[in-house]
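Hi,

Here is the structure I said I would pass on to you. Have a look at it first, and then read my notes underneath.

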Amino acid sequence: MKARIAQAALLAAGAFQAVSASAVVRQLNPNRTCENYRINVTITSDNLEYGLPYFEDNFDVADFIDVVSARNAPDITTFFAGDDDTNATYTIAGTFCQPARGRPDRNKNTVLIATHDTNFDRSYWDPLLDDRYSFVDFVVNKGYSIFYYDRLGVGDVSGYVAQRANQVAILTQLVTMIQAGRYTGTIGRPDQTVLVGHGFGSVLSFEAVGNNATLVDALVLTGFSVNAADFNPIGFLETAEPRIAAFQRPFEWGGLDTASTCEAGYLTPVDVYAEAALYFKAPDYEECVAFYTERTKAPFAILEYLTTFNFDIDPLDFAGPTLLLSGEYDFIWCMSDCDGILDDDATADIFPDATPFQGTSYAGAGHAINYHLNALGAFNIISNFLGNNLPPT
Ligand SMILES: *[C@@H]1O[C@H](CO)[C@@H](O)[C@H](O)[C@H]1NC(C)=O
Ligand SMILES: *[C@@H]1O[C@H](CO)[C@@H](O)[C@H](O)[C@H]1NC(C)=O
Ligand SMILES: *[C@@H]1O[C@H](CO)[C@@H](O)[C@H](O)[C@H]1NC(C)=O
Ligand SMILES: *[C@@H]1O[C@H](CO)[C@@H](O)[C@H](O)[C@H]1NC(C)=O
């Protein structure tokens, strides 16, 4: 009986996620036509297994912060019990938008495949705010098509399962499906595909291209850097002061990972001011937008956190155009100062074959570039970069 109730709660949570995820898809821009998909992906990945006790309450999370931030903290690899080749099928929610009939569509057969960060869902690319913040509107107005989807951790998968490895495999699988002409509205098989990432989504995009240098035609990494000395994983945790998501909003997230197992593998920043410190930089944002991001945030899996920063930073064999663009004040990837570390020789050495490579510290913005007042300027840099370096399709 208990198990059935728990399962009902999980299903209810899943249903809520699905509704809230599709509700954020706007059709306000007459220049675009969008379609929502639920896509089954079957993947094999070498997953890391969480090796510490599961969280039962927020005191456990508080202690975890103490452990991770200690002067002589154990190496993060000791937090894993091992790894395991795993086969799994997941249902992923995604949206495809293309230029509407009769609208400028000079790049419509170039599909951008956008992967968002932890703490967000796919609405990061198209928030329910005015046009100034919609990357989707911007690129579709430039004639491109775009596919954007929810990371695994947005669904009801355990927070002790969702992690980098399985999400790289999911992204790779989605790319293959899109290249085969599935989930691409009326355009069929695209001529070109471009990976666009933000934060953790950039980690996934970077690794997917690291695994296969001919996967896509161009790479756009935002809210990211490849200089490990400037990553701020401890600062992230100390500033987020994360709480167990299921306890913070029981009606919205109560079923997330706790109903059947009391595992509590999903965390979320303590409040809007933590969000502001992590993701924004004054004065280039509106406080109402910070409140909007707090209201629409998506909890992150503890294993997503633990696998975000320990990826291999080996030089890519990728030869396509590559743009690395982060907010000047990115707290998470540059310790609040990206100037000089996105366009230096050490960074260029990670993209030796990219033609061209461009590293840009985007003035004024913090980590969540798309939510800043100057987001349009960043969208413009991205679309100009693609326009200058890929043929129209
Ligand atoms: C639609 O495209 C036209 C130009 O073709 C542009 O002027 C207009 O602002 C666009 N609408 C929106 C909502 O982006
Ligand atoms: C996707 O998987 C779910 C769960 O296994 C299943 O119920 C559904 O029919 C599948 N959808 C498609 C299109 O195969
Ligand atoms: C995963 O699937 C592949 C074939 O699709 C199979 O060879 C392999 O044994 C499976 N691995 C596990 C752990 O089930
Ligand atoms: C790399 O990706 C391309 C494009 O999807 C594909 O054709 C090729 O088979 C992939 N290579 C490997 C080794 O998987």
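Below is what I found in it, going from the ligands to the core and then to some single residues.

Before anything else, keep in mind that this is a predicted model.

**The ligands**

I'll start with ligand 1. The residues around it are Asn29, Asn31, Asp131 and Asn141. By class that makes three polar residues, one charged and no nonpolar. If you want the polar pairs, an oxygen atom of ligand 1 sits 2.4 Å from a side-chain N or O atom of Asn31. For Asn141, a polar side-chain atom is 2.8 Å from an oxygen of the ligand, and for Asn29 the distance from a ligand oxygen to a side-chain N or O atom is 3.4 Å. On its own ligand 1 exposes 360 Å², and the protein buries 47% of that.

Ligand 4 has Gln179, Asn212, Thr214 and Leu215 around it. Here the split is three polar, one nonpolar and no charged. Two side chains come up with polar distances to a ligand oxygen: 2.3 Å for an N or O atom of Asn212 and 2.6 Å for one of Gln179. Of the 360 Å² of accessible area that ligand 4 has on its own, the protein covers 37%.

**The core**

The largest nonpolar core runs to 122 residues, and those with the most contacts inside it are Phe55, Ile146, Phe147, Leu195, Tyr305 and Leu386. Which helix gives the most to this core? That is α4, residues 164–179, with eight residues.

Leu195 is a good one to click on. Beyond its neighbours within four places in sequence, Leu195 touches a long list of residues, including Ile113, Leu171, Val175, Ala208, Val209, Leu219 and Val220. Leu215, which is also on that contact list, is one of the residues surrounding ligand 4.

**Arg164**

Back to helix α4, which also holds Arg164. Is this arginine buried or exposed? Arg164 has a relative accessible area of 13%, so it counts as buried. Its side chain makes a polar contact of 2.9 Å with the side chain of Glu207. Leaving aside neighbours within four places in sequence, Arg164 is also in contact with Phe200, Val203, Leu204, Thr307, Asn310 and Phe311. Then there is Asp46: it lies 118 residues away along the chain, yet the C-alpha atoms of Asp46 and Arg164 are 9.8 Å apart.

**Helix α9 and His372**

Helix α9 covers residues 272–279, and six of its eight residues are buried, so the rest of the structure largely encloses it. The buried ones are Val272, Ala274, Glu275, Ala276, Leu278 and Tyr279. Among the elements covering them are α6 (233–240) and α10 (287–296). At the N-terminal end, Asp271 acts as the cap, with a side-chain oxygen 3.0 Å from the backbone nitrogen of Tyr273.

Tyr279 turns up again as a contact of His372, together with Tyr133, Phe280, Lys281, Asp284, Tyr285, Gly364, Ala365 and Gly366 (neighbours within four places in sequence left out). His372 is in the loop between β11 (357–362) and α13 (375–389). With a relative accessible area of 0%, His372 is buried. A polar atom of the His372 side chain lies 2.9 Å from the backbone nitrogen of Gly366.

**Backbone geometry to check**

Some spots to look at before you set anything up:

- Ala282 and Pro283 are joined by a cis peptide bond, with omega about 5°. Pro283 is in the loop between α9 and α10.
- Thr355 and Pro356 are also joined by a cis peptide bond, with omega about -5°. Pro356 is in the loop between α12 (345–348) and β11.
- Asn119 is not a glycine but has a positive phi of about 75°. Asn119 lies in the loop between β3 (107–115) and α3 (135–141) and is buried, at 0% relative accessibility.
- Glu241, again not a glycine, has a positive phi of about 40°. Glu241 sits in the loop between α6 and β7 (243–244) and is partly exposed, at 38% relative accessibility.

Cheers

Terms used
Residues are numbered from 1 along each chain as its sequence is written. Chains are lettered from A and ligands numbered from 1 in the order in which they are written. This is a predicted model: local features need pLDDT of at least 70, side-chain atom pairs count only at pLDDT 80 or more; totals for chains, interfaces and linings use all residues. Side-chain values use heavy atoms; hydrogens and water are left out. A residue is near a molecule or strand if one of its heavy atoms lies within 4 Å of it. A polar contact is a pair of N or O atoms within 3.5 Å; within protein, one must be able to donate a hydrogen and the other to accept it, and residues adjacent in sequence count only if both atoms are side-chain atoms. Accessible areas come from the Shrake-Rupley method with a 1.4 Å probe; for residues, only the protein chains shown count as cover. Ala, Val, Leu, Ile, Met, Phe, Trp, Tyr, Cys and Pro count as nonpolar, Asp, Glu, Lys and Arg as charged, and the others, Gly among them, as polar. A nonpolar core is a set of buried Ala, Val, Leu, Ile, Met, Phe, Trp, Tyr and Cys residues joined through side-chain atoms within 4.5 Å. Buried means under 20% relative accessible area, exposed over 50%, partly exposed in between (1.4 Å probe, protein chains only). Helices (H or I, at least four residues) and strands (E, at least two) are DSSP runs, numbered from the N terminus. Contact means heavy atoms within 4.5 Å.
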